[in-house]
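I opened this model to look at how its helices pack. My entries follow in the order I made them.

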Amino acid sequence: MMLFSEGFSDSRKIGFGLTVGGVLFTSLGIMLFFDSLLLTMGNILFLSGITLAIGAKKSFFFFVQWKKWKGTLCFFLGICLVLFGWAFTGMVVQAFGFVNLFGDFFPVALRFARSLPIVGAVLRMPPLAQMLDRVIRSGRMPV
């Protein structure tokens, strides 16, 4: 029986772990009324995880693409605002940048989520399914 992690290098496994940790710290920071320290730790873990998971060169070229300059600017401006204590404003700006940077990936993630047992059943409910069908068909988030 082949495990999920057998096909990945050690740095990629660590990168995935750091990325998940970053998402968890960010979620906890939002739940605890935009705690700047948790949000900052989440940002650091997320960025270092992405860098380890896909490599430094690919990460650099992902963030400096000309067609994604608005997303990159907003994402890093949001991180700076969180670092300087403007947690809510920083997270709003960072969320806008995140959607613009990773918006091409959302339809793929939604297709995968629909194949999951419990989440898929919720995503296939009629009102939600109609909205998600438009997102998946267009191949881009409506931003």
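**Entry 1: Q94**

I began with Q94, which is buried, with a relative accessible area of 5%. The cut-off for buried is under 20%, so Q94 qualifies. I note here that the model is predicted. Q94 lies in helix α5. Next I listed what Q94 touches, leaving out residues up to four places away in sequence. The list reads N43, C74, F75, G78, I79 and V82.

**Entry 2: N43**

N43 was on that list, so I checked whether N43 is buried or exposed. N43 counts as buried, at 6% relative accessibility. I placed N43 in helix α2. Which residues contact N43, once neighbours within four places in sequence are set aside? I found T26, I79, V82 and Q94. I79 and V82 are thus touched by N43, and Q94 touches I79 and V82 too.

**Entry 3: the whole chain**

I stepped back to the overall fold. The protein chain has eight helices and zero strands. Read along the sequence, I get α-α-α-α-α-α-α-α. The C-alpha trace spans about 45 × 40 × 35 Å along its principal axes. The chain has 143 residues, and buried residues make up 33% of them. I also looked at contacts between residues at least 6 apart in sequence. Of these, 53% join residues at least 24 apart.

**Entry 4: α4 by itself**

I turned to helix α4, residues 69-83. I asked which residues of α4 are buried. They are G71, T72, C74, F75, G78, I79 and V82. What covers them includes α2 (36-54), α3 (56-63) and α5.

I then checked the length of α4. At 1.5 Å a residue, its 15 residues should span 21 Å. The end C-alpha atoms of α4 are 21 Å apart, which agrees. The expected span uses one less than the number of residues, which is why 15 residues give 21 Å.

Just after α4 I found G85 with a positive phi of about 100°.

**Entry 5: α4 against α5**

Two packed helices are described by the angle between their axes and the distance between the axes. I looked up both values for α4 and α5 (residues 87-102). Their axes come within 7 Å and cross at roughly 155°. Angles over 145 degrees count as roughly antiparallel, and α4 and α5 are therefore roughly antiparallel to each other. α4 passes α5 in a left-handed crossing.

I listed both sides of the contact. From α4 come G71, T72, C74, F75, L77, G78, I79, L81 and V82. From α5 come A87, T89, G90, M91, V93, Q94, F96, G97, F98, N100 and L101. By class, this contact of α4 with α5 has 12 nonpolar, eight polar and no charged residues. Q94, from my opening entry, is one of the α5 residues here.

**Entry 6: α4 against α2**

I repeated the check for α2 and α4. Their axes come within 9 Å and cross at roughly 145°. The crossing is left-handed. S36, L39, T40, N43, F46 and L47 in α2 meet F75, F76, I79, V82 and L83 in α4. I sorted these residues into eight nonpolar, three polar and no charged. N43 is among the α2 residues in this contact.

**Entry 7: the loop between α1 and α2**

I looked for unusual backbone angles. F33 has a positive phi of about 60°, although F33 is not a glycine. F33 is found in the loop between α1 and α2. At 75% relative accessibility, F33 counts as exposed.

F34 also sits in the loop between α1 and α2. Its phi is positive as well, about 55°, and F34 is not a glycine. F34 counts as partly exposed, at 27% relative accessibility.

**Entry 8: D10**

I finished with D10, which is in helix α1 (residues 10-31). Is D10 buried or exposed? I found D10 exposed, with a relative accessible area of 56%. How many Å separate the C-alpha atoms of D10 and C74? The separation is 31 Å, and the two residues are 64 residues apart along the chain. C74 is one of the buried residues of α4.

Methods:
Residues are numbered from 1 along each chain as its sequence is written. This is a predicted model: local features need pLDDT of at least 70, side-chain atom pairs count only at pLDDT 80 or more; totals for chains, interfaces and linings use all residues. Side-chain values use heavy atoms; hydrogens and water are left out. Axes are lines fitted to C-alpha atoms, for helices over the stretch in contact, and angles run from 0 to 180 degrees between N-to-C directions. Helices (H or I, at least four residues) and strands (E, at least two) are DSSP runs, numbered from the N terminus. Angles under 35 degrees count as roughly parallel, over 145 as roughly antiparallel, 65 to 115 as roughly perpendicular and the rest as oblique. A crossing is left-handed if the near helix is turned anticlockwise from the far one by less than a right angle, and right-handed if clockwise. Contact means heavy atoms within 4.5 Å. Ala, Val, Leu, Ile, Met, Phe, Trp, Tyr, Cys and Pro count as nonpolar, Asp, Glu, Lys and Arg as charged, and the others, Gly among them, as polar. Buried means under 20% relative accessible area, exposed over 50%, partly exposed in between (1.4 Å probe, protein chains only).
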